Amino acid sequence: MSKQLPVHAQVVIIGGGIVGCSVAYHLTKLGWSDILILERKELGSGTTWAAAGLLAQLRQNQEMTNLAKYTVDLYEGLEAETGVATGFRKNGALAVCQTDDRRKELLRAAAMARAFNVEMHEVSLKEAANIVPGINTKDLVTAFHLPYDGVTNPIETTQALARGAKMGGAAILENVKVTDIKIKNGAVCGVTTDQGDVTSEYVVNCAGMWGRQIGQMVNVSIPLHAAEHMHAVTMPIEGLKKHFPTVRDFDGVTYFKSESDGILFGGFEAVSKPWGMKGIPDRFMYTELQEDWDQFQAFMDCALQRFPAMETAQIRHLSVVPESFTPDTVFMVGEAPGVKNFFVGCGMNSVGIQSAGGVGRALAHWIVEGRPEEQLWPIDIKRYFPWQQNARYLHDRIVEAVGVLYHHHYPNRQRTTARPVICSPIHDRLAANGAAFGMTAGWERADWFAPDGVEPVHQYSWEKPNWFDFQREEHMAVREGIGLYDLTSMGKFLVQGRDAEAVLQNLCANDVAVPVGKVVYTPVLNDKGGFETDITVTRFSEDAFFIVTAGATTIRDYDYFSRHIPDGARATITDVTHGYAMLAIMGPGARGLLAKLTDADLSNEAFPYGTAREIDIAYARPWALRMSYVGELGWELYIPTMFTLPVFDAIFEEGKSAGLRLIGMQAVNSLRLETGYRHWESDITPDETPYEAGLGFGVNLDKGEFIGRDTLSAQKKEGLKRKLVMVTLDDPEIMLYGSEPMYRNGVWMDNLRSGAYGFKVGTAVGMGYVKNDVPVTDEWILDGKFELEVQGKMVPAKVHIKSPYDPDNQRVRM
């Protein structure tokens, strides 16, 4: 290791675990050599050293799977490249199912795996016993084999990455503690350590359990918390197959790995033990915690059931170590919001070894190129909010978060801990009317409404969940009558100032230089023409624009807008999310109901689609925007928060005689999908353009320059090689939830980006992209035979160029 602290490094990486060493290694591979890793103790001595070293390739989405696949490929050749033994071995894995529901989940996983070029297939119980001799299969339903998963030695692999980084010119200093991070003009400019200062252009937080503390140095929320994590190792067991495949018994919350002729086993218990509430001791290094055999009992019970030889096996050691977990059990990667050139790679949720190679590569490209190679929203640090670093919230959520890794991953499954956090002004009114709540971005939102006599509790299923019939009634109320839903959780910004219009014209693909009272839907793009977000922009006045975006992306979008306001521009952006509630009144009867509540002229002539004005309702003056996300006539009411409750009461009372129905988010999703409305994060991402997504109406190439314009101009001339389509099924009993592989003439096209039941069209509905080496035409699409793989079966699908319901989007203009 290097001996002397330099005065400058282009990149300072805080933390010498496997992620930090991977970031340094990959930066050198991209030609950067002025890299400095600062490790508070010794490389890998925090939590890396105690990991089990399992390497699974398939993760919950394509982005994380790509990172894990790359990691396996990297580790396989690392010893030959660096000369440092890593202990890497492709011994495969076996996932076993104790229940039919688990089989359904893994059938869906196997379908995803094939689409992502990961080998995974169902095997008989006899085959499973041959793959892992000594395993008990009597209580199992089935098993799935992943022959190319592997294992590695965590500390040796870390050393190999460190050697590779040093071979590329990086420096590594151990026993150096970072005590502060310096900022100048909104960007990091160096660090302070217990041995002096180092100036730098970039700082990367790979500090693991210490990551939240490091984030606080620059006022960045890094919501992670340690929990006790444990595994045991047996003495050698006679007759055990050497290097047998890793066994994952999700229903038994336990994994098993071959270790020194014995078995290493541990897992992810349903109720975990948070650790470190009073801080992490400064002396922490290769530290183990006190044994807790009671907490370990769930894993022991599964071990005795799964491997009969465990009855007489001796436990050599029980290892209990703290490990950091995040509120959603997904790690954090990317440039932090609000501080330029401060990057994060931590909160690895016990998948750090199997993801570190990909995470290091992704961060290195992000730093060097200024953006990631592919969209990484599922793991982006900007999905988190400042309030999520609240210590009590993290403690209470981590109790549940550990076990989520091995839970049944049912569609729409909600977390139950650390709630409620944020409630809309009408939360209690909705609860009193039977709302079953879900949570998004901390907001309690009515998910669906239970009728009298039915408890509003989610009961999950891979088929039709318990709220299916109630969702149908809500859905049809909007299609045929009147519905009201609460989307106060939407992100809301005010962009103001003399240069506000010019700033937005550069950011928005559509023309927002419109009269006061006009509402514009517009994509916001990157240089490649991909969606950074999509928003509505309402001109409140000559120098004030009201922006509405998704609640989950509020931090990301605010950061993107803030970074693109030029220095010296007379424009500001303010987050007013909590200043306005949003109640939407939608359906063919919406005009009639609102007309009883206001004296405003609501006719098409006076109040056409895409306009906004302040109107009187009750004793308030909300902004009424004639827009819709559900494909029906309606208005979104943006109400100053303190006026919301009386406004709701007035609408609800008047609505009783008109048949008004309260609507939950499940119905909002099925309504928008049936109508073909896109959702950023799933249907549209930074990797897709408006033309590919069928949203070209939101682009105005003639208005002048804007970010992404050149790419869109070229694409319009050259034609599309990818295009979003919709699919429906002939079988009305089959459910689609998204992620089902879609095939055209037997060739995989995409995994469905979204799926839900279209109650008006009488079948499940999905969205996904088709692709071809030459420009895609409507004729080529319609000439194909489409199928979806749903729980191991190929299901015929009908493809649609436009939405199956109201394909020309006329009902919103009634």
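The following exercises, with worked solutions, concern helix α8 and two single residues of a predicted model.

Residues are numbered from 1 along each chain as its sequence is written. Because the model is predicted, local features need pLDDT of at least 70 and side-chain atom pairs count only at pLDDT 80 or more, while totals for chains, interfaces and linings use all residues.

**Exercise 1.** Determine whether the end-to-end distance of α8 agrees with the expected span.

*Solution.* Helix α8 covers residues 352-369, 18 in number; helices here are DSSP runs (H or I, at least four residues), numbered from the N terminus. The expected span is 1.5 Å times one less than the number of residues, which gives 26 Å for α8. The end C-alpha atoms lie 24 Å apart, in agreement with that value. A kink of about 30 degrees is centred on Gly-358, where the bend is the angle between axes fitted to the seven residues ending there and the seven starting there. Just after the helix, Gly-370 has a positive phi of about 85 degrees.

**Exercise 2.** State how many residues of α8 are buried.

*Solution.* A residue is buried under 20% relative accessible area, exposed over 50% and partly exposed in between (1.4 Å probe, protein chains only). In α8, 15 of the 18 residues are buried, so the helix is largely enclosed by the rest of the structure.

**Exercise 3.** Classify the packing of α2 against α8 as roughly parallel or roughly perpendicular.

*Solution.* Axes are lines fitted to C-alpha atoms, for helices over the stretch in contact, with angles from 0 to 180 degrees between N-to-C directions. Helix α2 (residues 62-82) packs on α8 at about 100 degrees, the axes being 7 Å apart. Angles under 35 degrees count as roughly parallel, over 145 as roughly antiparallel, 65 to 115 as roughly perpendicular and the rest as oblique. The two helices are therefore roughly perpendicular. Contact means heavy atoms within 4.5 Å; among the residues making it are Leu-67 and Tyr-70 of α2 and Ile-353 and Gly-358 of α8.

**Exercise 4.** Decide whether Ile-585 is buried or exposed, and do likewise for Lys-717.

*Solution.* Ile-585 belongs to strand β30 (residues 580-586); strands are DSSP runs of E, at least two residues. With a relative accessible area of 0%, Ile-585 is buried. Not counting residues up to four places away in sequence, Ile-585 touches several residues, including Leu-484, Leu-594 and Trp-635. Lys-717 lies in helix α17 (residues 709-718) and, at 75% relative accessibility, counts as exposed.

Methods. Side-chain values use heavy atoms; hydrogens and water are left out.
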